[in-house]
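I opened the notebook today to look up a few side chains and their surroundings, and I set down below what I found.

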Amino acid sequence: MIVVAGEALIDLVPQGTGALAALRPALGGGPYNTAVALGRLGSPTAFCSRTSNDAFGEALLDGLREAGVDVSAVQRGPEPTTLAVATIDASGSAAYSFYVDGTADRLFTVPDQLPADTRAVSFGTCSLVLEPGASAYEQVLRASAARGVFTALDPNIRAGLIPDADAYRARFESWLPSVSLLKLSEEDARWLGGSPRAWLAAGPSAVVITRGGDGLSVFTREGAEYSVPGEKVDVVDTIGAGDTVNAALLHGLSAQNALSAEALSGLGADGWTRLLRFAARAAAITCSRAGAEPPYATEVDAV
C-alpha cells in the first residue's frame with residue numbers, strides 16, 4: 001500500500017480568457033491528484049486527509065473510489081472545501097489563487113495509525129503550509145520515517161500561501177532527514193534556493209528535478225546524475241503534471257521493489273533511466289488533456 005497524505009480541493013478552471021471567464025469546477029489538490037494517478041496506474045493506494053461533508057467533498061471521495069483508492073483513512077468535517085482558482089497562460093502553465101480560510105482539509109489531525117501494509121507515504125503542497133494541519137502532516141512524516149517507511153516529498157511551492165518564506169525554507173530543510181525521495185520542479189528549486197547535492201547531504205537518497213517539457217533528472221546520494229528528455233505532446237494545460245510524476249515514480253519504484261534507501265542505491269543507470277522515462281510519458285499524457293487527468297495503466301508502457 002502506498003499512502004498519499006495531503007489536501008483534496010476543487011480547482012476552478014477558466015473556460016476562456018479574461019478575468020470573468022466562466023469557471024469549471026474540477027477535482028484537484030496535489031496529493032489528491034497523486035493518489036488518483038497511483039490508483040489509475042494500478043498501485044494499491046490509500047488517501048490520508050480531511051474532507052468536507054459538502055457536495056464537493058463527496059465528489060472528491062467519489063473520484064478517489066473510482067480510481068480504486070482506499071478512503072477509509074479520510075477524516076470528515078462540516079467546514080467547506082478549499083477552492084483553488086486557476087489561471088492558464090498561453091503555454092498551458094497554471095497559476096493559482098486559493099480560498100482556504102476555515103476549510104476542512106487544513107484541520108487534519110494525526111491519525112491513530114496508517115494501514116498496516118503501508119510501504120510508502122507521500123507528502124506535499126498546501127497541506128505542509130496551512131496550520132494546524134501542516135504540523136499534523138509533519139508529525140506523520142517524521143513518525144513514518146522513524147518506523148523505516150519510505151517517504152516521498154514534493155513541496156510544490158505555492159508562494160502566495162507562504163507568509164514567511166525564510167521560515168518555510170528552514171522548515172523544509174528540517175524535513176529532509178525524514179525524506180527518502182525528494183521531487184521538485186526547477187522553479188521550486190530556485191525558490192527554495194538550495195541544490196540537489198546539499199539536499200542529498202541532509203537526508204534523501206535521491207532528488208528528482210522536473211523541467212517541464214525539457215524532461216527530468218535524478219541526483220543520487222552515490223554522486224550519480226541521470227536525465228531523460230520530455231515527451232513531445234500538444235499541451236492543453238499542465239494541471240496535475242507534477243503530481244503524475246510523483247505517482248509514476250512511486251509506482252515504478254514499487255514495481256521494481258525499490259521502496260527503500262538501499263534499493264534506490266542499487267537502481268543504477270538502467271533502472272533510473274527507465275523510471276524517469278516512464279514518469280515523463282505519464283506526465284505528457286496528463287498535459288495532453290484538460291485538467292488533472294492522469295493516465296491509466298493501459299495508456300503507458302510498463303516500467
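Is Arg 40 buried or exposed? I am working from a predicted model, and in it Arg 40 has a relative accessible area of 15%, so I enter Arg 40 as buried.

I then looked for the partner of Arg 40 and found that its side chain meets that of Glu 293 in a salt bridge, at 3.0 Å from N to O. The pair links distant parts of the chain, since Arg 40 sits in helix 1 and Glu 293 in the segment after helix 9, 253 residues apart. Glu 293 has a relative accessible area of 34% and is therefore partly exposed.

Going on through the salt bridges, of which the structure holds 12, I noted Asp 154 and Lys 183, whose side chains meet at 3.1 Å, N to O. This pair joins strand 10 to strand 11 across 29 residues, and both Asp 154 and Lys 183 are buried. I also noted that Glu 131, Glu 138, Arg 142 and Arg 171 are joined into one network by salt bridges that share partners.

Next I turned to helix 4, residues 165–175, where I listed Tyr 168, Phe 172 and Trp 175 as the buried residues. They cover an arc of only 55° around the axis, so they lie on the same side of helix 4. These buried residues pack against helix 3, strand 10, strand 11, helix 5 and helix 6, while the face turned away from them carries the exposed residues Asp 166 and Glu 173. At the N-terminal end of helix 4 I found Asp 164 as a cap, with a side-chain oxygen 3.2 Å from the backbone nitrogen of Asp 166.

Notes: Residues numbered from 1 in each chain as written. Predicted model: local features only at pLDDT ≥ 70, side-chain atom pairs only at ≥ 80, totals over all residues. Heavy atoms only, no water. Buried < 20%, exposed > 50% of the residue type's maximum accessible area, 1.4 Å probe, protein only. Helix = DSSP H or I, 4+ residues; strand = E, 2+ residues; numbered from the N terminus. Arc of directions from axis to C-beta. Contact = heavy atoms within 4.5 Å. Polar contact = N/O pair within 3.5 Å; in protein donor to acceptor, adjacent residues only side chain to side chain. Salt bridge = Lys/Arg side-chain N within 4 Å of Asp/Glu carboxyl O.
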